[in-house]
Amino acid sequence: MTESAGGGDVTSSRPWARLWARLLAPRDIAALAAFRVALGLLIAVSAARFLAYGWVGVLFAQPEFRFTYWGFGWIPPLPAWGMPALFMALGALGVLLMVGLFYRVTVVLLFAVFAYVQLLDVTNYLNHYYLVSLLLALMCFIPAHRAFSVDAWRRPSLRQDWLPAWCTDLLRFQVAVVYVFAGLAKLTSDWLVHAQPLNIWLAARTGMPWVGPLLEQRWVAYAAAWGGMLFDSTIVLFLVWRRTRPFAYVVVLGFHAVTFALFPIGMFPFIMVTGALVFFDPSWPRALLARLRRLPWKGVAPPPEARVTGVPGWKGRVALGVAVVYALLQVLLPLRTHAYGGNVLWHEQGMRFSWRVMTREKNGSATFIVRDRVTGREWHVPPSQYLTRLQEREMSVQPDLILQLAHRIARDYEAKTQHPVEVRADVRVSLNGRLSEPFVDPTVDLSREGDGLGPKPWILPAPQTPPVHLRPTRGARARAPSP
């Protein structure tokens, strides 16, 4: 009977031994170092863009009211002068991550700062910000600074050219989750049968040079809808398979280049192009450098001391358990909306953190009616009294945000009148080109409704009518902005 160094019995734990052999197999660190560099560069560029375009002030300094995530209302905002300084720090930390200086501290601070910024206001939520937060959280446990970094240069004892396979596997899993669930989210009649909301968005881009007339054709919207669904649903399979991987990555580059040119989706294409690199061979940066130098490349093999045998002890099993829990959460979070039933694009319950990328176009209008319970006096309160234009646009189509603002209005008017009040909302929403319909039960006093994870019965049922197919007019084409 053979014992491993971690105290496990290899003979009686063969399944465990095979699992650990797979997870701990040495892999070249080069690809993870390249991913570290690319991620740091993207964060630094993104922070610089926020500062250069004045978005820090628009999104974080101008709003007088903040929409908070359920359970995170306790997070305090920084003063107006603090947010530009925070984004400067974010950019500097991105550079430190890129060069691999003070990596352990840098990546933890990056995750904390990035998560803090995202939690300040729900109306700033974007899928790619959420993805970067998750990637940074994973990088906290991946020692991607042991080579090709200033840390490794300063401390030669830190240098290590091999990392266990689980480091790459975790990142691959995270990127795969995004693509797969983005594909599954497009298996709807709006997307596949009516090509909405792509028909709406492409109709607004017909003023583009060269391709504008082509975007007028309805079949283009259908081709883009089906192509997008098939791309998201299958690209991971082609990236995993070695033979198709180079061709699949070319498709990734082309797909995200087109989406970046057609739609204002910020850094998301760049993040996904970077993320897809984790599917390549761990030595791809070395092979690329060899080709650029016109040197022969035969690959590299790990030294014997890099190989780990046997079954680790309880610490390794706890780490595996934590990884499994994380993976389950990443799978269950996008699926949670099915517990609510109905159309998630309408009721929004379970919409966030589910990778439903570019699947809906919603527009809404909201007015809050405040009634004094003692005197019967009524006030009509427009959201613009409390919100910026961006906040109002997001609030008017998301029920939990409508509820938060209703609670704030109730507190303000109760303080003003010294009487209890009720707050109702007149909200109409258009989904994927449909005519606007009532969104919230106007008879419900929202000031008495609580927030939480449970279903919100005061959200009215989704419309059953099909979306309207739009055709751009010549006037609309002339006014369409160029990207």
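Modeller: Before we start, UniProt positions are given in the numbering used here, feature names are shortened, and annotations may be inferred rather than shown by experiment. This is a predicted model, in which local features need pLDDT of at least 70, side-chain atom pairs count only at pLDDT 80 or more, and totals for chains, interfaces and linings use all residues. Residues are numbered from 1 along each chain as its sequence is written, and side-chain values use heavy atoms, with hydrogens and water left out.

Biologist: Which residues does UniProt list as "transmembrane region"?

Modeller: The unreviewed UniProt entry lists 29-55, 67-88, 95-117, 129-149, 170-188, 219-240 and 247-280 under that name.

Biologist: How much of 29-55 is helix?

Modeller: Residues 29-55 are 89% helix and 0% strand, with end C-alpha atoms 36 Å apart, where helices (H or I, at least four residues) and strands (E, at least two) are DSSP runs, numbered from the N terminus.

Biologist: And is helix α14 mostly covered or uncovered?

Modeller: Helix α14, residues 268-275, is mostly covered, since 7 of its 8 residues are buried; buried means under 20% relative accessible area, exposed over 50%, and partly exposed in between, with a 1.4 Å probe and protein chains only. Among the buried ones are F268, P269 and I271.

Biologist: What covers them?

Modeller: The cover includes α2 (30-52), α6 (127-139), α8 (165-184) and α13 (245-262).

Biologist: Changing topic, where is W297?

Modeller: W297 sits in the loop between α15 (284-292) and α16 (314-335), and it counts as partly exposed because its relative accessibility is 35%.

Biologist: What does W297 touch?

Modeller: Leaving out residues up to four places away in sequence, W297 touches S283, R286, A287 and A290, where contact means heavy atoms within 4.5 Å.
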